[in-house]
Amino acid sequence: MNIAQKIVKPALLAGFQDILPARMIPFQEMIAKIKVVFESFGFVPLETPGMERLEVLTGGSDDFNKSIFRTRVVRGVEDRGAADLLEEDAAMRFDLTVPLARVVASHPEIQRPFKRYQYGKVWRGEKPQKNRYREFFQFDADIVGSSSILADAEIVHLIYSTLNMFELPTFSIKINDRRVLNGLAEVLGCPDKCKELDRAIDKVDSLGIEGVITELTKKSDDPFASPLVLDDVQSGILLKFLHIKADSSKELLRKVADFFGEKSPEAAKGIEALHQICIKLWSLGISEKFWKIDLSVARGLDYYTGPVFETVVDDMPDVGSIFSGGRFDGLVNRFDAAINMPGVGASIGVDRLFTVLTKLGKIKEQATVSKVLVTIFDQSLSHISYMCAHSVRKSGVPTEVYLGNEKSLKGQLGYALKQGIRFVIIIGPDEIKSKKVMLKDLDTKQQELLTESEATARITAVLES
């Protein structure tokens, strides 16, 4: 007796996505271009597991506040009660920076400074939103083992070079330093509330300056509300800070220095670091229309310690940050207190960058990577078609043999058109008799009777032109 198989709805989990070939092919091409830029700066590839020990990711901290995915082993669906944790408490990585710190701590043989890039998926249990997924790709570039401000400037240069390579018409690399914000907390008289202050300032883009001030001066009985509440004097100081504006980065930094005066050595260090980054960018001739000092940038609340970077496409603010990062000195300390390893880096949001390039019309969807289709005239001649395809492939041209059920030549040509395959090779009895093949260019509508080597040379020449 056959029991009917249960039909399962082919639905995705919320916050996850399929990327079909038409998008995945140009997506991989985009990734390949990014790798070329990263390697031109001397960064080398690294791979780490998607799953890490829980305490590696959280730093063993009770204050860890990111939503992450825990993991477990299920011993067979039929034994529904047998679910165990892994041999060690584990979770899916939420970024690529913490695994990097683990690698550096556990491999002292790695030459420092260590310049690495890594591309891979990360997982966060946040509420899905537009352009925000629970599983997404990150592409990081980090320099570990250098405290030089040149390293910070190089990361900004890398961000600029990568986005400029894609010829984005407008983008802004917004630069700040966490020590400036720490100094602000000192001036406000709440040095123990840096994180709460930073979180509020980070909302300037969404709430506006007045909205942030309102949030920080509002008393609430909500136990989940921010524990930081400013009085009128403090809010006035913060308002003055947030209203610092200037036409150039040089003038802005002068005004920030005047605001602090001698009140905060910590802020003075941040201002000097920002000035040094500006000097490097000016010397490279990178126009300030692509970068600016922005005092509201307060990202990386958990481990950034110095300069921080956040990049947006000016005409597409709804996409969010597409390339961001900062300095994370001391992150390796969680693995070895004796190692105070400096580091700086940035992560490009490749999903968001792909969205931007698509909106700008710079992404051309394509159903296949094949450039040539060799048809099957009939099964008795199929071996000849296979040999021809093999020969063309050896020249470096992606080539496929028609494997469908359509027997007519017209139907096979239709397949090539739908797939966007430009060249079709036809080998029938007449072609075999003449020891040639018929090469059809579906773009130009031209066809020629050529030898196999001539056809291959023609295809290669057209594709390389």
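## The cavity and its lining

Helix H3 (residues 97-106) gives the most to the lining of the largest cavity, contributing three residues. The model is a predicted one. It holds one cavity of 30 Å³ or more. The space inside the largest cavity is about 40 Å³.

Which residues line the largest cavity? They are Thr97, Leu100, Ala101, Val144, Phe328, Leu331, Val332, Met341 and Pro342. By type, eight of the lining residues are nonpolar and one is polar. No charged residue takes part in the lining.

## Aromatic pairs

A search of the whole structure gives 19 aromatic pairs. One of them joins Tyr119 and Phe139. Their ring centres are 5.5 Å apart, and the planes meet at 45°. That pair is tilted, because the angle is neither under 30 degrees nor over 60. It links distant parts of the chain: Tyr119 belongs to strand E6 (residues 114-123) and Phe139 to strand E7 (residues 135-144), 20 residues apart. Is each partner buried or partly exposed? Tyr119 has a relative accessible area of 22%, so it counts as partly exposed. Phe139 is at 0%, so it counts as buried.

A second example is Tyr402 with Tyr415. Here the centres lie 5.4 Å apart and the angle between the planes is 75°, an edge-to-face pair. Tyr402 sits in the loop between strand E14 (399-401) and helix H13 (409-419), while Tyr415 is in helix H13, so the pair ties together parts 13 residues apart in sequence. Tyr402 is buried because its relative accessibility, 11%, is under the 20% cut-off. Tyr415, at 28%, is partly exposed.

## The ring cluster

Ring pairs also build a cluster. Its members are Phe27, Phe38, Phe43, Tyr117, Tyr119, Phe137, Phe139, Phe323 and Phe354. Both Tyr119 and Phe139, the tilted pair, are therefore part of this cluster.

Phe43, another member, has a charged neighbour. Lys115 lies over the face of the Phe43 ring, at 4.8 Å from the ring centre.

## Gly320

Where is Gly320 placed? It is in the loop between strand E10 (307-312) and strand E11 (323-327). Which residues does Gly320 contact, apart from neighbours within four places in sequence? They are Thr311, Val312 and Arg352.

Gly414 gives a second reference point. Gly320 and Gly414 are 94 residues apart in sequence. In space, the two are 41 Å apart, C-alpha to C-alpha.

How values were computed:
Residues numbered from 1 in each chain as written. Predicted model: local features only at pLDDT ≥ 70, side-chain atom pairs only at ≥ 80, totals over all residues. Heavy atoms only, no water. 1 Å grid on protein atoms, 1.4 Å probe; cavity = no way out; pocket = protein on both sides within 12 Å on 5 of 7 lines; lining within 4 Å. Points joined across faces, edges and corners; volume = space filled by probe spheres on them. Helix = DSSP H or I, 4+ residues; strand = E, 2+ residues; numbered from the N terminus. Nonpolar A, V, L, I, M, F, W, Y, C, P; charged D, E, K, R; others polar. Contact = heavy atoms within 4.5 Å. Phe/Tyr/Trp six-rings, centres within 6.5 Å; stacked < 30°, edge-to-face > 60°. Buried < 20%, exposed > 50% of the residue type's maximum accessible area, 1.4 Å probe, protein only. Lys NZ or Arg CZ within 6 Å of the ring centre and 35° of its normal.
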